[in-house]
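Here are a few short exercises to help you find your way around. Keep the viewer open and try each task before reading its solution.

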Amino acid sequence: MSKETKKPTGAGTNATATSKTEKKAKAEAKAASRPKPKGRIATELSRQGGAIACTVLLVLLSAVALAVPGWGVPLGTLLGGGNQVTLTATKSDGSEVSADELASARANLQKRADALFEKGVSVKQTGDDALSVRVPASDDAATVASSIAGAGKVELVRVDAIGDADALAQIQAGTTNVRLKDGTYTAFASSDNITDSRVVSGTSSARSSSMVYAVGITLDSAAAKQLADITAELSSSYGRIAVVVDGTVVTAPQVSQKIEGGQVTFSGGFTRSQAYALAAEISAGPIRVTLAASDPEPLSSGLSGQALPAAIAAAVVLALLAGLVCSRLFGRAGWVAALSVIVTLVLQLGAFAVLAQFGYVFLGTYELAAVVVCELVSIVSSGFAAARYASERRGGSSVRKAQQEACDHAIGRIALVEAVLCVVAIVCAFVAPGVWRELSWALSAGLLADLVSMPLVKAPMLRVLTAADAEAGVAAAGVSLDAGASADEE
């Protein structure tokens with residue numbers, strides 16, 4: 001009977017373990033020797049370098065416009081403080097001013113203030129017979145209050161029919177702001193006949209760049225007929241028609257031809273502010289009470305002049321919150337919202353600084369509301385693009401396909417909607433009255449800033465942020481290949 005010879009089990013196990021260790025080491029060495037792909041994020045940053053450079057340039061230009069002396073954004077009284085002038089109302093017959101009369105005077109003054117070239121002027125009732133004119137620190141409160149507090153009675157008078165000899169001599173000599181005595185003249189048209197007023201500007205001559213400001217008025221049909229008849233008579237002798245405001249002749253131009261249609265434009269060497277103030281008085285109509293002005297008093301600001309830093313700090317906080325929320329909902333792409341909020345705000349404030357040079361906007365309550373609205377629009381549009389990317393990825397699309405859907409289709413669709421809204425806001429800025437005009441300019445500036453940020457910030461940065469998803473996919477594929485190679489070798 002033969003005996004079986006058995007192999008020692010311990011030696012076989014050790015040999016197998018050694019073989020697996022060697023194979024694993026070879027696989028790791030092979031993986032380490034494989035050339036690593038270039039970082040997708042770095043590659044995408046390089047591709048979007050032009051858009052990033054343009055964004056940086058626009059942000060720097062906006063910062064310069066905000067910081068350069070003489071530019072920046074004028075602040076309203078709520079944010080920047082200013083001065084206030086108290087107007088005390090009385091009546092010529094000595095009776096008390098009624099609540100309705102004071103309310104009518106306040107509404108009329110506010111209408112005049114809204115039509116001024118100076119922005120941010122507000123009128124508040126502060127007593128039974130008192131109104132407060134609040135003027136931003138950038139403007140002279142006494143001058144502004146004086147420009148809107150007149151009675152606002154406008155009259156057109158034939159100079160040759162004025163019975164005040166001294167005043168007539170001054171007018172004939174070309175003197176302006178000549179006071180006429182009551183009862184020495186009769187007007188053929190007055191404020192009751194004026195249907196519209198406007199400021200007209202232009203250069204003094206073809207070779208001059210200095211601006212000349214005039215006021216144009218439109219008369220109703222009855223007054224227009226009288227004007228045509230009178231100018232037809234006066235044109236042969238180059239007679240004069242005086243424009244009288246609250247009993248003072250502001251200008252008395254010569255008549256060289258018959259004026260038909262009731263359209264009259266007159267200039268008395270007005271400055272820009274004077275022309276706007278006169279047009280405001282004419283358009284708002286006369287005030288039925290007499291207003292006596294006090295000396296200006298300081299008006300403090302709730303933010304002690306730190307409005308702009310506070311707005312930027314609030315935007316940074318809003319950007320971080322938007323980025324956190326959107327990133328939790330949509331992944332890395334959600335951080336586009338944080339970047340777009342900050343860039344949109346800076347570009348919008350830069351646009352404000354440019355528009356302020358033409359007297360279109362200042363940073364007041366309505367403008368702040370427009371800033372908030374436009375920042376929310378920026379967050380929503382960024383979130384919509386990030387949501388589209390996340391949805392495509394969850395549906396199995398590749399990173400590149402998801403990027404195309406988010407950047408080309410989603411952002412493109414949003415841009416079309418915002419472009420339409422921006423055009424509507426610009427149209428309203430030209431036709432809307434008073435504060436609604438300023439609000440429209442502010443909204444158009446913010447929407448335009450967000451539109452600019454779409455090809456320069458939102459689409460490029462969404463591609464950069466989501467490039468990490470592609471990089472993670474490459475890394476996962478590499479690990480899978482290594483594992484497969486080890487299995488094959490075993």
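Before you start: two strands count as paired if DSSP finds at least two bridges between them. Bear in mind that this is a predicted model.

**Exercise 1.** Work out how strand 9 and strand 10 are joined, then place them in their sheet.

*Solution.* Start with strand 9 (residues 241-245) and strand 10 (residues 248-251): they run antiparallel, with 3 bridges between them. For a landmark, look at V243, which sits opposite T251 in strand 10. Now zoom out: the open sheet has 5 strands in the order 5-10-9-4-6, with antiparallel pairing. At its edges you'll find strand 5 (178-179) and strand 6 (189-190), each pairing on one side only. Finally, helix 8 (residues 221-234) packs on the sheet and touches strand 4 (154-158), strand 6 and strand 9. The direction of helix 8 makes about 135° with that of strand 9.

**Exercise 2.** Find the residues that touch the most other members of the largest nonpolar core.

*Solution.* This core has 25 residues, and the ones to pick are L156, V215, I217, I241, F266 and I282. Next, see who supplies it: strand 8 (211-219), strand 11 (263-270) and helix 9 (272-284) are among the elements giving at least two residues each. Then zoom in on L156, whose contacts include F188, I217, I241 and V243. Another core, of 24 residues, lies apart from this one and includes L116 and I287.

**Exercise 3.** Is S381 buried or exposed?

*Solution.* First locate S381 in helix 12 (residues 365-394). Its relative accessibility is 4%, and buried means under 20%, so S381 counts as buried. Its side chain reaches the backbone oxygen of S378 at 2.9 Å. Beyond its neighbours within four places in sequence, S381 contacts I414, E418, D450, M454 and K458.

Definitions and conventions. Residues are numbered from 1 along each chain as its sequence is written. This is a predicted model: local features need pLDDT of at least 70, side-chain atom pairs count only at pLDDT 80 or more; totals for chains, interfaces and linings use all residues. Side-chain values use heavy atoms; hydrogens and water are left out. Helices (H or I, at least four residues) and strands (E, at least two) are DSSP runs, numbered from the N terminus. Contact means heavy atoms within 4.5 Å. Axes are lines fitted to C-alpha atoms, for helices over the stretch in contact, and angles run from 0 to 180 degrees between N-to-C directions. Buried means under 20% relative accessible area, exposed over 50%, partly exposed in between (1.4 Å probe, protein chains only). A polar contact is a pair of N or O atoms within 3.5 Å; within protein, one must be able to donate a hydrogen and the other to accept it, and residues adjacent in sequence count only if both atoms are side-chain atoms. A nonpolar core is a set of buried Ala, Val, Leu, Ile, Met, Phe, Trp, Tyr and Cys residues joined through side-chain atoms within 4.5 Å.
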